[in-house]
Amino acid sequence: MADSQQTEERAGDVQPDSRKQEENQEAEEAGLETPDISSPAVCGKLSVEGTQLVDEKGKAVQLRGLSTHGLSFYPQYINEEFFAQLRREWKANVIRLAMYTAESGGYCTDGDKEYLKNLVRAGVEYASSQDMYVIVDWHILSDGNPNQHASEAIDFFAQMSQEFSGYDNVIYEICNEPNGGTSWGEIKTYAQKIIPVIRANAPDAVILVGTPNWSQYVDEAAADPIAGYDNIMYTLHFYAATHKDDLRNRMIGAIDAGLPIFVSEYGICDASGNGGIDEAQANAWVQVMNQYKVSYVAWNISNKAETSAIFQSTVEKTSGFSQEDLSDSGKWLYHILTGEKPTLGSGQTVDVPSSSQSAAVQSGKVEVIALLVNSWEANGEQFYQYALTVKNISNQPCERWEADLRFSGDISLSDGWNGQYSVQGNTLHISSVDYNARIAAGGSIQDVGVIISANTGLTIQ
């Protein structure tokens with residue numbers, strides 16, 4: 001049933017320091033504080049330094065969690081019992097509240113504005129009580145240019161940022177997916193209207209800004225970032241069965257150019273939110289995001305009859321979910337967030353590799369270290385994902401590099417990034433590409449990876 005109740009009146013203004021102390025005590029008593037989870041009680045107010053989201057001590061932070069579907073479509077999941085399960089069982093430290101602006105029931109069309117704002121308020125309260133960060137998402141979609149409803153956005157963010165001014169865990173996403181040919185210049189114009197409105201009430205809050213072409217052209221933002229404001233990040237969205245090496249490399253290039261990126265929406269199916277799952281590409285994305293400590297939020301919390309929904313369409317409950325209630329997307333996500341081994345729809349299990357499964361091979365001036373970071377079964381095949389570190393072990397610069405990795409059985413190449421790959425029998429040949437061929441003496445590169453398939457029990461010889 002939909003949780004459509006009005007949010008209870010909050011206690012009077014609470015100073016951030018006292019709120020932090022209360023959260024620390026509550027989290028400790030509830031057993032929420034764990035070394036693996038960067039939660040508000042542990043990290044406090046977040047900020048942006050360079051390309052990285054950091055905590056109050058300047059330590060890099062990675063947020064990992066889930067996004068609601070449209071609040072007007074699936075309001076029933078805004079309940080504290082479910083948020084508590086996401087925090088304790090799924091180990092999520094962030095939830096995104098997606099409030100559509102122009103679709104049926106949207107804030108700027110025929111939606112009930114007060115009802116939608118009350119759902120946002122409830123979501124922020126439940127996330128706060130469960131020691132989670134929370135993203136307030138102005139979810140433009142069919143209204144491809146955010147300037148179309150800029151006046152409504154100004155009023156909305158002025159009110160929300162004032163109400164949440166004492167909350168250190170609230171992040172503001174001001175335009176979900178600009179599209180329809182909307183330029184980066186137009187997005188900047190919109191952002192420069194909205195950011196000062198939020199800053200008037202929440203001077204240090206992290207603000208996420210969408211990028212052109214459904215939040216994919218981060219390279220355009222990197223070439224002309226918003227000036228004059230701190231704690232701004234730029235969003236990239238991907239769907240693994242559609243967006244592969246090209247978009248990953250665009251993200252890496254933008255980060256290397258100095259742009260702080262936040263993946264505020266992604267799925268492991270195609271860009272429609274439906275279609276088949278591409279686990280190999282999904283895992284490749286996770287490897288790169290983890291390497292760069294990019295935060296990522298999965299789409300979507302619903303039982304909609306589509307691949308990206310984390311619950312099966314027949315499941316009507318709104319909390320207390322079991323593994324049997326999850327879709328294959330939901331089971332994959334549960335594994336990614338927790339490291340546990342759910343059973344997928346076809347009966348196979350996802351293997352969580354041991355961090356000790358690694359090997360080092362020397363070739364000329366370089367040493368290549370291959371670390372098994374993931375392994376899974378799909379369509380009757382066993383896949384192995386390796387993160388590779390290439391280190392120049394000589395005292396002279398290396399102008400190009402190559403190496404052979406030999407395995408205990410014959411292999412097939414599934415995917416690879418930031419290198420050239422070929423397979424012959426049990427041997428994987430790896431060589432540099434133009435942009436990472438040169439390694440300084442004693443230097444190394446780490447953004448190289450490969451996915452192969454083979455029989456079970458594969459090891460590097």
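**Exercise 1.** In this predicted model, find which residues Val-286 is in contact with, leaving aside its neighbours within four places in sequence.

*Solution.*
Step 1. Apart from those neighbours, Val-286 touches Tyr-296, Trp-332 and Ile-336.
Step 2. Locate Val-286 itself: this residue lies in helix α10.
Step 3. Take the partner Tyr-296. Val-286 and Tyr-296 are separated by 10 residues in sequence, and their C-alpha atoms are 8.7 Å apart in space.
Step 4. Consider the other two partners. Trp-332 and Ile-336 are among the buried residues of α11.
Step 5. Check the exposure of Val-286. Its relative accessible area is 7%; the cut-off for buried is under 20%, so Val-286 is buried.

**Exercise 2.** Describe helix α10 by its span, its burial and its two ends.

*Solution.*
Step 1. Helix α10 runs over residues 279–291, which is 13 residues. From first C-alpha to last, α10 reaches 18 Å, close to the 18 Å expected at 1.5 Å a residue.
Step 2. Of the 13 residues, 11 are buried, so α10 is largely enclosed by the rest of the structure. Among these buried residues are Glu-279, Trp-285, Gln-287 and Met-289.
Step 3. At the N-terminal end, Asp-278 acts as a cap: one of its side-chain oxygens lies 3.4 Å from the backbone nitrogen of Ala-280.
Step 4. Just after the helix comes Lys-293, with a positive phi of about 55°.

**Exercise 3.** State how many residues of helix α11 are buried, and what follows the helix.

*Solution.*
Step 1. Helix α11 covers residues 328–338, and 10 of its 11 residues are buried.
Step 2. The buried set includes Ser-329, Lys-331, Tyr-334 and His-335.
Step 3. Gly-339 follows α11 and has a positive phi, near 80°.

**Exercise 4.** Describe how helices α4 and α5 cross, and which residues meet there.

*Solution.*
Step 1. Two packed helices are described by the angle between their axes and the distance between the axes.
Step 2. Here the axes of α4 (residues 113–129) and α5 (residues 150–163) come within 12 Å and cross at roughly 30°. The crossing is right-handed.
Step 3. From α4, the residues Lys-117, Val-120 and Arg-121 take part; they meet Phe-156, Gln-159, Met-160 and Glu-163 of α5.
Step 4. Sorted by type, the residues of this contact are 3 nonpolar, 1 polar and 3 charged.

**Exercise 5.** Place Gln-85 in the structure and find which backbone nitrogen its side chain reaches.

*Solution.*
Step 1. Gln-85 is part of helix α3, residues 80–88.
Step 2. Its relative accessibility is 7%, so Gln-85 counts as buried.
Step 3. Setting aside neighbours within four places in sequence, Gln-85 is in contact with Trp-90, Ser-319, Gly-320 and Phe-321.
Step 4. In the case of Gly-320, the side chain of Gln-85 reaches the backbone nitrogen at 3.2 Å.
Step 5. Gln-130 is 45 residues from Gln-85 in sequence, with a C-alpha to C-alpha distance of 9.2 Å.

**Exercise 6.** Decide whether Asp-137 is buried or exposed, and list its contacts beyond four places in sequence.

*Solution.*
Step 1. Asp-137 sits in strand β5, which spans residues 133–139.
Step 2. The relative accessible area of Asp-137 is 0%, so this residue is buried.
Step 3. With neighbours within four places in sequence left aside, the contacts of Asp-137 are Arg-96, Leu-97, Ala-98, Met-99, Glu-173 and Asn-176.

Methods:
Residues are numbered from 1 along each chain as its sequence is written. This is a predicted model: local features need pLDDT of at least 70, side-chain atom pairs count only at pLDDT 80 or more; totals for chains, interfaces and linings use all residues. Side-chain values use heavy atoms; hydrogens and water are left out. Helices (H or I, at least four residues) and strands (E, at least two) are DSSP runs, numbered from the N terminus. The expected span of a helix is 1.5 Å times one less than its number of residues. Buried means under 20% relative accessible area, exposed over 50%, partly exposed in between (1.4 Å probe, protein chains only). A polar contact is a pair of N or O atoms within 3.5 Å; within protein, one must be able to donate a hydrogen and the other to accept it, and residues adjacent in sequence count only if both atoms are side-chain atoms. Axes are lines fitted to C-alpha atoms, for helices over the stretch in contact, and angles run from 0 to 180 degrees between N-to-C directions. A crossing is left-handed if the near helix is turned anticlockwise from the far one by less than a right angle, and right-handed if clockwise. Contact means heavy atoms within 4.5 Å. Ala, Val, Leu, Ile, Met, Phe, Trp, Tyr, Cys and Pro count as nonpolar, Asp, Glu, Lys and Arg as charged, and the others, Gly among them, as polar.
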